[in-house]
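Me: I'm new to this structure and would love a close look at a single part of it. Could you pick one helix and walk me through what surrounds it?

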Amino acid sequence: MWPFKRRVASQAVQTKERFFWIGGRRHVEATYPLPKDLGEVNRLDFQHFVLRNGFGGNYLAPVNNPHEVLDVGCGTGRWAMELATLFPNANVIGVDIVAPAVDREATLGTGLDRRPPNYAYVQGNILEGLPFAERSFDFTHQRLLITAIPKDRWPYVVAELKRVTKPGGWIELAEPGYPQHAGPGLKQLWDSWVELCALRKADFLIGSTIGDMLETAGLRHVIRHAKDFPMGIHGGRLGQMSATDCLATGEALRGPTVGAGVRTAEEYERLMEMTRAEVNDPRSKAVLPFYLACGQRPA
Ligand SMILES: C[S@@+](CC[C@H](N)C(=O)[O-])C[C@H]1O[C@@H](n2cnc3c(N)ncnc32)[C@H](O)[C@@H]1O
């Protein structure tokens, strides 16, 4: 019933990752520039809620009663835990370089980190290969790793997702695009993050190509879906939530962006102020395209 339990126990390795602090935020030594702390847990859970609401669901792939589900770069584990609840007969694994920070309430049994019994976290680094046998999963999902994967490693990453997926199983990727109709503040703020990622060899503009990546990797029946998330009060509640997430991302990336010399502290604060004003201006029409793509591993 739980084929990974033994494997997880023997293969889960003690994390080798090292942490450092910028401006009071804990970061991990990796390509990935965002913090790994409780503040970021809150942002990721909120962002998950925004995406699920915006898309009207948690995935695109036509999966049917999967037995083994994997979420790569699972973050807080929220997506994986919801899949585990949706498919109580499935074994769901979330893999990440770092386990999420746990809130103290959870240790008292009153927090939000109570895990469904069919969900497990496993430490692993997609850039070093996943700690699972070939053909293990019916559904392999990876969302929002655009800042974590060097541009030239994407073919390896998709091949690795394909390796651990069963023939006939589905792989799904989900990544953001570049803001459209944005004002100068949001545009320049986003461009700062593009530059920050480029310094770390990642391509923050690659999101729109995820469907092509799946096709190039030999996946079949590739399905693509894109949705424009309104960014600001012009988009009602979804627009306000997207803007809140964007500004929280701005706070999370402030230290790394200024620390890398992409912007001075003053320039960065000015862009944050401009973005705050833009998202609160009903005349703004800014949207953020968000891409989903899934494909099936051939038999
Ligand atoms: C932006 S978060 C997205 C989390 C989750 N997928 C979601 O959609 O809420 C990216 C996650 O990828 C993890 N990550 C970064 N580099 C990774 C790597 N090389 N291998 C596995 N996970 C990684 C980070 O620790 C972080 O939890």
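Reply: Let's start where α2 meets α8: in this predicted model, the axes of these two helices come within 10 Å and cross at roughly 150°. An angle over 145 degrees counts as roughly antiparallel, so α2 and α8 are roughly antiparallel to each other. The crossing of α2 past α8 is left-handed.

Here is who takes part. From α2 come Glu40, Arg43, Phe46, Gln47, Phe49, Val50, Asn53 and Gly54, and they meet Arg237, Leu238, Met241, Ser242, Thr244, Asp245, Ala248, Thr249 and Ala252 of α8. Sorted by character, the residues of this α2–α8 contact are seven nonpolar, six polar and four charged. As you read along a helix, it helps to know that an α-helix has 3.6 residues a turn, so residues three or four places apart point the same way.

One of the α8 residues in that list, Arg237, deserves a pause. Arginine 237 sits in helix α8, which covers residues 236-259. Its relative accessibility is 59%, and exposed means over 50%, so arginine 237 counts as exposed. If you would like a sense of distance, pick out leucine 161: it is 76 residues from arginine 237 in sequence, and the two C-alpha atoms are 35 Å apart in space.

Now move to another neighbour of α8, helix α9, made of residues 265-279. The axes of α8 and α9 come within 11 Å and cross at roughly 175°, which means that α8 is roughly antiparallel to α9. On the α8 side the contact is made by Ala243, Leu247, Gly250, Glu251, Leu253, Arg254, Thr257 and Val258, and on the α9 side by Ala265, Tyr268, Glu269, Met272, Thr275, Arg276 and Val279. This set divides into eight nonpolar, three polar and four charged residues.

Next comes α6, residues 184-199, which packs against α8 with the axes 11 Å apart and an angle of about 45°. The pair α6 and α8 is therefore oblique, and their crossing is left-handed. Leu186, Trp190, Ser192, Trp193 and Leu196 represent α6 in this contact, while α8 brings Cys246, Thr249, Gly250, Leu253, Pro256 and Thr257. By character, the α6–α8 contact holds seven nonpolar residues, four polar ones and no charged ones.

It is worth comparing the lists for α8 as you look. Thr249 of α8 appears in the contact with α2 and also in the contact with α6. Gly250, Leu253 and Thr257 of α8 take part in the contact with α6 and are again named in the contact with α9.

Before leaving this part, look at the loop between β7 (165-176) and α6, where histidine 181 is found. Histidine 181 is not a glycine, yet it has a positive phi of about 55°. With 59% relative accessibility, histidine 181 counts as exposed.

Finally, go back to α2, which has another role in the picture. In helix α3, residues 78-86, the buried residues are Arg78, Trp79, Ala80, Met81, Leu83 and Ala84. The elements covering them include α2, along with β3, β4, β5 and β6. So that you can place the α8 story once more: α2 crosses α8 at roughly 150°, α9 crosses α8 at roughly 175°, and α6 packs with α8 at about 45°.

Conventions. Residues are numbered from 1 along each chain as its sequence is written. This is a predicted model: local features need pLDDT of at least 70, side-chain atom pairs count only at pLDDT 80 or more; totals for chains, interfaces and linings use all residues. Side-chain values use heavy atoms; hydrogens and water are left out. Helices (H or I, at least four residues) and strands (E, at least two) are DSSP runs, numbered from the N terminus. Buried means under 20% relative accessible area, exposed over 50%, partly exposed in between (1.4 Å probe, protein chains only). Axes are lines fitted to C-alpha atoms, for helices over the stretch in contact, and angles run from 0 to 180 degrees between N-to-C directions. Angles under 35 degrees count as roughly parallel, over 145 as roughly antiparallel, 65 to 115 as roughly perpendicular and the rest as oblique. A crossing is left-handed if the near helix is turned anticlockwise from the far one by less than a right angle, and right-handed if clockwise. Contact means heavy atoms within 4.5 Å. Ala, Val, Leu, Ile, Met, Phe, Trp, Tyr, Cys and Pro count as nonpolar, Asp, Glu, Lys and Arg as charged, and the others, Gly among them, as polar.
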